[in-house]
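Subject: Structure for your bench notes

Hello,

Here is the structure I said I would pass on. Please look it over before reading the notes underneath.

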Amino acid sequence: MNRNWPLWEVFVRAKNGLSHRHVGSVHAADARMAIEAARDVYTRRMEGVSLWVVPSNAITASDPKEHADLFEPAEDKVYRHPTFYAIPDNVKNI
Amino acid sequence: MLPDATLADYALRLGDDSLVLGQRLSEWCGHAPMLEIDLALSNIALDLIGQASHFLKFAGRAEGRGRDADSFAFRRDALDFRNCLLVEQPNGDFAQTMARQFLFSNWQELLFAQLQHSANDTLADIARKAVKEVAYHAHFANEWMVRLGDGTEESRARTIAGLEWMWRFTGELFERDPALKPLVDAGVAVDVPSLRPDWEDRISRTLAEARLELPKPRRWVMGGRVGHHSEHLGHLLSEMQFLQRAYPGAMW
Amino acid sequence: MYTTELKERNQAVQGLSLEREDPERLAAFEARVAADDFIEPKDWMPEAYRKTLIRQISQHAHSESVGMLPEGNWITRAPNLRRKAILLAKVQDEGGHGLYLYAAAETLGITREEMIEALHSGRAKYSTIFNYPTLTWADIGAIGWLVDGAAIMNQVPLQRTSYGPYARAMVRICKEESFHQRQGYEIMMTLANGTDAQKRMAQDALDRWWWPSLMMFGPPDENSPNTAQSVRWRIKRETNDELRQKFVDVTVPQADALGLVVPDPKLKWNEERGHYDFGDIDWDEFYAVVRGEGPVAKERMTARVKAWEDGKWVRDAAAAHAEKRGMRIAAE
Ligand SMILES: [Fe+2]
Ligand SMILES: [Fe+2]
């Protein structure tokens, strides 16, 4: 028998109030082992208060070839940004 | 504080358990089955060495003869070590190492859970911090027992052999020592026989999940608490204490 | 250093001609890298870039993992509890570095098992430095001071390397490295101010580790054929000789502060250059160690292979258990 342990992506919440952030990966045979490995590998210096592990093969990534289709349409929607609107200096609290 | 030989002796038992097991686990560093396991075993060893430093330092204060943690760790011979026989057993293969961890950490967690309410503030403080560490060690070992017991034929056979090796040393963990009676009565030390029901419950539950049998009752091998150790401890000490012995008085 | 440039390998990669790549994509790629943009796993990249990275990152990962052995040799004999905890934490960090780097290489389409197999069969290399023995406790000081010192010098620029996962692993590694060199220097200070026996130990360690540390930066630039391309691709950010000179310049005053003598009669401050001049490196020794003829190369590989083979039943058991559990859950 020769079955390699799958790869898991590790996400750490540095402190409450922040989102989980991708920090790296570990190999583990099961989810609990992945959590423990993530704890032992990525939080040795008090880097986190919560962990997520996700099997790497469960992640679907966008294709860089579609970068233009996916992300460029947002470029001309400047009206979504507050700085698009000119408000006179004497108007406050807006 | 006033010198208290019994209290010092008790602190040595607690410290030596952690020290000797930490030393054993550190032997794995760089040789584990997977890098992830290497990091995990080192973390456990680091926790244990930290605990040992605290307990041995306190033993020095209780003894009142100016000895520090290092002089206890590096300049005592086997007869003066107070650890249980279980922790000094050789690592063997990974199954044997996990069997030792499983039997010991489940006991140590229950012990520290009580010790954190000790009438002695220092012991209580050390235990309060350590109990969280040890809960993780027990958790880690329990899961590995299940994986190995209910893994392959080979892992099952190795785990049974590992448990078989370690089992005879577990009786010592629950042995009431008359010498500690004053400390137990004063609410300073934990009355270890009281830990047995919870421990057996934990052990049996994990073994059932691992589809393993509880090893047969047998005559216990004991003596660690009075300095009568297995042959393994002398070798462990000769390695650990080499520099301090070869260069007496040097600072490192 | 951890990524020693090896001639034979470079030639193999050079064989992967860039001419076969689509010129338009190649130009776009080169422009992105030149603009210090990061390349991410799913982005298009020339095959030679991918191969060079796999070779460099896996070599680096192997160095971290084999590098646990020389220092690991002293964990059980550390002279006091403080040193024991520090050394164990340090060696554990190196294991973590190996792990981060293996994971970074895996994003390029190779598995950790394949890389380990390449190491064990001798196809993949690791830093020559770890093929020297640790004889005394002072070697632990010398390794932290010199070897980690050289490693940091090499690794800091790699935090800005062009391949995203590699750069991110290096950021993490550099953060963790910061205590490694200091703990080594602290050991050396203690020994250099200790008993005569300890001073002798410290000087002897410097004598043995100095030249191998200088070799860690790899062959001289004129013998490092791929440097130009690697620098252009931001896989390498400074040349071997530049880094080596920098290392000598910062380390010599540190040796002076210890009252130890750097074992190089030609070592001399050159006012004009603003650098230390230093003696010739024994490149025959370097290439011999690269070929696997280092003093303890056999011990190192035997230990790695043994750990991996002894661990097989453990890895298999956990995989088998996960499978059983999965089937039981499915059946419920
Ligand atoms: Fe490192
Ligand atoms: Fe390091």
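The notes below cover the metal sites and then the contacts between chains.

Please keep in mind that this is a predicted model.

Metal sites

Two iron ions sit in chain C, and Glu94(C) coordinates both of them at a separation of 3.4 Å.

The iron ion (ligand 1) takes its donors from Glu64(C) (OE), Glu94(C) (OE), His97(C) (ND1) and Glu177(C) (OE), at 2.0 to 2.3 Å. Its four donor atoms make angles of 81 to 165°, and the site is classed as irregular. Along the chain, the donors of the iron ion (ligand 1) have the spacing E-x29-E-x2-H-x79-E. Glu94(C) belongs to helix H5 (residues 81-106) of chain C and Glu177(C) to helix H8 (residues 164-192) of chain C, so this pair ties together parts that are 83 residues apart in sequence.

For the iron ion (ligand 2), the donors are Glu94(C) (OE), Asp148(C) (OD), Glu177(C) (OE), Glu177(C) (OE) and His180(C) (ND1), at 2.0 to 2.6 Å. Glu177(C) is thus listed twice for this ion. The donor residues of the iron ion (ligand 2) are spaced E-x53-D-x28-E-x2-H in sequence. Here too distant parts of the chain are linked: Asp148(C) is in helix H7 (residues 137-155) of chain C and His180(C) is in helix H8 of chain C, 32 residues apart.

Chain B with chain C

This contact involves 50 residues of chain B and 47 residues of chain C. About 4,000 Å² is buried between the two chains, with 69% of that area from carbon and sulfur atoms. There are four salt bridges between chain B and chain C. In a salt bridge between Glu36(B) and Arg112(C), the closest N and O atoms are 2.7 Å apart. The interface of chain B and chain C also has 16 residue pairs in polar contact.

Several helices of chain B each supply at least two residues of the side that touches chain C, among them helix H1 (5-26), helix H5 (94-115) and helix H7 (153-167). H2(B) provides the largest share of that side, 12 residues. By class, the side of chain B that touches chain C holds 27 nonpolar, 11 polar and 12 charged residues.

Chain B with chain A

For this pair, 14 residues come from chain B and 13 residues from chain A. Chain B and chain A bury about 1,300 Å² between them, and carbon and sulfur atoms account for 56% of it. On the side of chain B, the most area is lost to chain A by Glu36(B), Tyr136(B) and Arg147(B), which together make up 40% of what that side buries.

Two salt bridges cross the interface of chain B and chain A. In one salt bridge, the side chain of Asp30(A) meets that of Arg147(B), at 2.7 Å from N to O. Six residue pairs are in polar contact between chain B and chain A.

Helix H2 (35-63) and helix H6 (121-149) of chain B each supply at least two residues of the side that touches chain A. H6(B) gives the most to that side, with six residues. The residues of the side of chain B that touches chain A divide into seven nonpolar, three polar and four charged.

Regards

Technical notes: Residues numbered from 1 in each chain as written. Chains lettered and ligands numbered in written order. Predicted model: local features only at pLDDT ≥ 70, side-chain atom pairs only at ≥ 80, totals over all residues. Heavy atoms only, no water. Contact = heavy atoms within 4.5 Å. Buried area = accessible area lost by both parts, 1.4 Å probe. Polar contact = N/O pair within 3.5 Å; in protein donor to acceptor, adjacent residues only side chain to side chain. Helix = DSSP H or I, 4+ residues; strand = E, 2+ residues; numbered from the N terminus. Nonpolar A, V, L, I, M, F, W, Y, C, P; charged D, E, K, R; others polar. Donors = N, O, S within 2.8 Å, 3.2 Å for Na, K, Ca; no water. Tetrahedral: all angles 85-135°; square planar, octahedral: opposite > 155°, others 65-115°.
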